[in-house]
Amino acid sequence: MSFRIERRADGVVELVLGPEGTLPSCDRDEHAELGRIWGRLAADPEARCILVRSEGKGFSAGGQIALVEEMLASEAARLRVMREARELVQGMMDCDLPIVSAINGAAVGAGAALALLADVSIAAENAKIIDGHTKLGVAAGDHAAVIWPLLCGMAKAKYHLLTCAPLSGAEAERIGLVSLCVPADELLARAREVAGQLAGGSRTAIAFTKRSLNHWLRAAWPSFEHSLALEILGFAGADAREGLQALQDKRAPRFAP
């Protein structure tokens with residue numbers, strides 16, 4: 001995945017995932033950068049709102065296959081990715097700027113984290129949100145435990161996180177997983193409208209409200225840390241190797257009994 005920053009005259013900073021014509025996915029350097037970028041944007045005096053969008057054929061597939069292969073092979077890589085995943089979640093939570101996501105097409109794994117940790121998440125009707133961790137043979141750990149139960153309730157969270165059942169944008173809005181759902185051809189305009197509204201609001205009032213509300217997420221932080229550690233532990237096991245092979249072979253995984 002390549003991503004770039006675009007600045008709009010209204011104070012909205014757009015984090016644009018790409019490239020065009022692909023389902024964006026991040027390599028090891030980009031995965032690390034996604035954890036660091038929030039603090040830098042929050043410190044920018046000209047920035048008043050962040051809009052995360054994709055110019056690809058979907059929102060984001062998360063990490064690239066090569067990144068998963070590195071984690072399977074190396075303890076050092078697993079520990080590095082665990083630190084980066086924590087930085088991504090904490091960075092989005094602690095960023096005082098409001099964050100809006102415009103979810104087009106598939107949002108999977110770390111892509112789902114980017115989409116759903118936004119303060120206002122706007123999905124196209126044809127969006128496809130999947131937390132695919134258990135299908136890969138590891139725990140749903142990079143963001144799910146901290147946010148899904150609060151957004152859509154424990155029953156729905158367990159169903160989708162345990163089964164990896166996908167959600168359309170319309171279904172995600174119905175159960176409360178996203179803020180809004182709009183027709184695909186209206187997504188970018190609606191997301192920019194909301195981001196512009198937030199950028200034009202009181203910087204302190206919006207930041208303090210976000211900071212206060214996010215204490216609900218901080219209360220769930222022990223669950224996040226536990227799930228993240230178990231996810232990373234899973235990448236050292238046989239199930240993760242089988243899950244990756246099944247993904248590459250485009251078949252259902254055959255996990256050991």
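User: In this predicted model, which helix holds W216?

Analyst: The model is predicted. W216 sits within residues 215-219. That stretch is helix α11.

User: Is W216 buried or exposed?

Analyst: The cut-off for exposed is over 50% relative accessible area. W216 has 59% relative accessibility. W216 therefore counts as exposed.

User: What accessible area does the nonpolar surface patch with W216 have?

Analyst: W216 forms this surface patch with L150 and L213. The patch is nonpolar. Together the three residues have an accessible area of about 370 Å².

User: What is the strand order in the open sheet of six strands?

Analyst: The pairing in this sheet is mixed. At its edges stand β1 (2-7) and β9 (180-182), each paired on one side only. From one strand to the next, the twist averages 20°. The order is β1-β2-β3-β4-β6-β9.

User: At what angle does helix α1 run to β1?

Analyst: Helix α1 covers residues 28-42. It lies across β1, β2 (12-18), β3 and β4. Its angle to β1 is about 15°.

User: Which residue of β4 is the bridge partner of V52?

Analyst: Strand β3 (residues 49-54) pairs with strand β4 (residues 99-103). The two are parallel, with three bridges. In β4, the partner of V52 is S101.

User: Which residue of β6 stands opposite S101?

Analyst: β4 and β6 run parallel. Four bridges join them. Opposite S101, in β6, stands S121.

User: How many residues of strand β6 are buried?

Analyst: Strand β6 spans residues 120-124. V120, I122 and A124 point one way, while S121 and A123 point the other way. Both groups are buried. The strand is largely enclosed by the rest of the structure, because its buried residues number five of the five.

User: Which residue of β9 is the bridge partner of A123?

Analyst: β6 and β9 run parallel. They are joined by three bridges. In β9, A123 has as its partner C181.

User: Which strands stand at the edges of the open sheet of three strands?

Analyst: This sheet has the order β5-β7-β8, and its pairing is mixed. Each edge strand has a single partner strand, so one side of each lacks a neighbour in the sheet. The edge strands are β5 (106-108) and β8 (167-168).

User: Which residue of β8 stands opposite I129?

Analyst: Strand β7 (residues 128-130) and β8 are joined by two bridges. They run antiparallel. Opposite I129, in β8, stands L167.

User: Is H31 buried or exposed?

Analyst: H31 belongs to helix α1. Leaving aside residues up to four places away in sequence, H31 touches C26, L67, V81, E84 and A85. Its relative accessibility is 11%. The cut-off for buried is under 20%, so H31 counts as buried.

User: What is the N to O distance in the salt bridge of E84 and R80?

Analyst: E84 and R80 are four residues apart in helix α3 (residues 75-94), so about one helical turn separates them. E84 is buried at 4% relative accessible area. R80 is buried too, at 13%. Their side chains meet in a salt bridge, with an N to O distance of 3.4 Å.

User: How many residues apart are D94 and R218?

Analyst: The side chains of D94 and R218 meet in a salt bridge (3.0 Å, N to O). This pair links distant parts of the chain, with D94 in helix α3 and R218 in helix α11. The two residues are apart by 124 residues.

User: How far apart in sequence are the parts tied together by K210 and D119?

Analyst: K210 and D119 form a salt bridge, with the closest N and O atoms 2.9 Å apart. K210 lies in helix α10 (residues 203-213), and D119 lies in the loop between α4 (110-116) and β6. The pair therefore ties together parts whose separation in sequence is 91 residues.

User: Which residues do salt bridges with shared partners join into one network?

Analyst: The structure holds 20 salt bridges. Some share partners and so build one network. Its members are R4, E6, R8, E14, R53, E55 and R192.

How values were computed: Residues numbered from 1 in each chain as written. Predicted model: local features only at pLDDT ≥ 70, side-chain atom pairs only at ≥ 80, totals over all residues. Heavy atoms only, no water. Patch = residues over 30% accessible without salt bridge, like charges linked within 9 Å, V, L, I, M, F, W, Y side chains within 5 Å. Areas by Shrake-Rupley, 256 points an atom, 1.4 Å probe, with all protein chains shown as cover. Salt bridge = Lys/Arg side-chain N within 4 Å of Asp/Glu carboxyl O. Buried < 20%, exposed > 50% of the residue type's maximum accessible area, 1.4 Å probe, protein only. Pairing = 2+ DSSP bridges. Axes fitted to C-alpha atoms, helices over the stretch in contact; angles between N-to-C directions. Contact = heavy atoms within 4.5 Å.
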